[in-house]
Amino acid sequence: MEALKIRVEPVNVETGLVHRLVDELRTIFTVEVITGKGLSPGRVLSFYDDEREQVRADLLMEDLSRILPPVTLLLIDSDAYVEGLNFVFGIAKPGWGGAVFLTRLKPEFYGFSSDDEVLSARLLKESIHELGHALGLEHCKTPRCVMRFSNSIMEVDSKTHRFCFRCAHSLQLRYPGVLRT
Ligand SMILES: [Zn+2]
Ligand SMILES: [Zn+2]
């Protein structure tokens, strides 16, 4: 098997935020983490629903999974949804990668002033969550585990960016040595 590599692909996301995330991912995973050239916003815009002002996340990911290799993590400064849900913070495709959408991770979305620390911490949690799915993990009920499903920003804030013992173990069984311990 080719060595696992995580490629972060930002779309309209501030460079400082991306670099910080990449540095943090390197403290969690042992695999190489690289930053892609960044995708053209046009490719994303073709999946934008003007009435909802949201990207149709699942169709976008289907499209991009045909042109980008595993493991890809898309970071998109937009709001998003999938059929049947009002919104998603992120989405993943096991064996390929995932996407995190930034709009609802920003404090200003909830009427607070913008805060890079808060945004960065939320982005890290949701990125690791989607990467966990990409690497085969499912949702976890352990309250502080990063693989816990978050349906609101309070739930994002109340979990940590860490895998619980069970999720970490399951990941290490699939990809030995993938996590720094
Ligand atoms: Zn999930
Ligand atoms: Zn867990």
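This report covers aromatic pairs, a charge over a ring and a small sheet in a predicted model.

**Aromatic pairs**

The model has 3 aromatic pairs. Two of them are set out in the table.

| Pair | Centre to centre | Angle between planes | Arrangement |
|---|---|---|---|
| Phe29 and Phe163 | 6.4 Å | 75° | edge-to-face |
| Phe109 and Tyr110 | 5.0 Å | 75° | edge-to-face |

The pair of Phe29 and Phe163 is edge-to-face because its planes stand at 75°, and an angle over 60 degrees is counted that way. Phe29 and Phe163 lie in distant parts of the chain, 134 residues apart. Phe29 belongs to the loop between helix H1 (15-28) and strand S2 (32-35), while Phe163 belongs to the loop between helix H5 (153-158) and helix H6 (165-174). Both Phe29 and Phe163 are buried.

In the pair of Phe109 and Tyr110, Phe109 is partly exposed, at 37% relative accessible area. Tyr110 is partly exposed too, at 30%.

**A sheet and its surroundings**

Strands S3, S4 and S6 form an open sheet in the order S3-S4-S6, with mixed pairing. Strand S3 (48-49) and strand S6 (80-81) each have a single partner strand, so one side of each has no neighbour in the sheet. Strands of a sheet pair through backbone hydrogen bonds, in a parallel or antiparallel sense.

S4, residues 54-56, pairs with S6 in the parallel sense over 2 bridges. Val55 has Ala80 in S6 as its bridge partner. Helix H3, residues 57-65, lies across S4 and S6 and runs at about 50° to S4.

Tyr81 has Arg52 over the face of its ring, 3.6 Å from the ring centre.

Methods: Residues are numbered from 1 along each chain as its sequence is written. Chains are lettered from A and ligands numbered from 1 in the order in which they are written. This is a predicted model: local features need pLDDT of at least 70, side-chain atom pairs count only at pLDDT 80 or more; totals for chains, interfaces and linings use all residues. Side-chain values use heavy atoms; hydrogens and water are left out. Rings of Phe, Tyr and Trp (its six-membered ring) pair if their centres lie within 6.5 Å; planes under 30 degrees apart count as stacked, over 60 as edge-to-face and the rest as tilted. Helices (H or I, at least four residues) and strands (E, at least two) are DSSP runs, numbered from the N terminus. Buried means under 20% relative accessible area, exposed over 50%, partly exposed in between (1.4 Å probe, protein chains only). A charge sits over a ring if NZ of Lys or CZ of Arg is within 6 Å of the ring centre and within 35 degrees of the ring normal. Two strands pair if DSSP finds at least two bridges between them. Contact means heavy atoms within 4.5 Å. Axes are lines fitted to C-alpha atoms, for helices over the stretch in contact, and angles run from 0 to 180 degrees between N-to-C directions.
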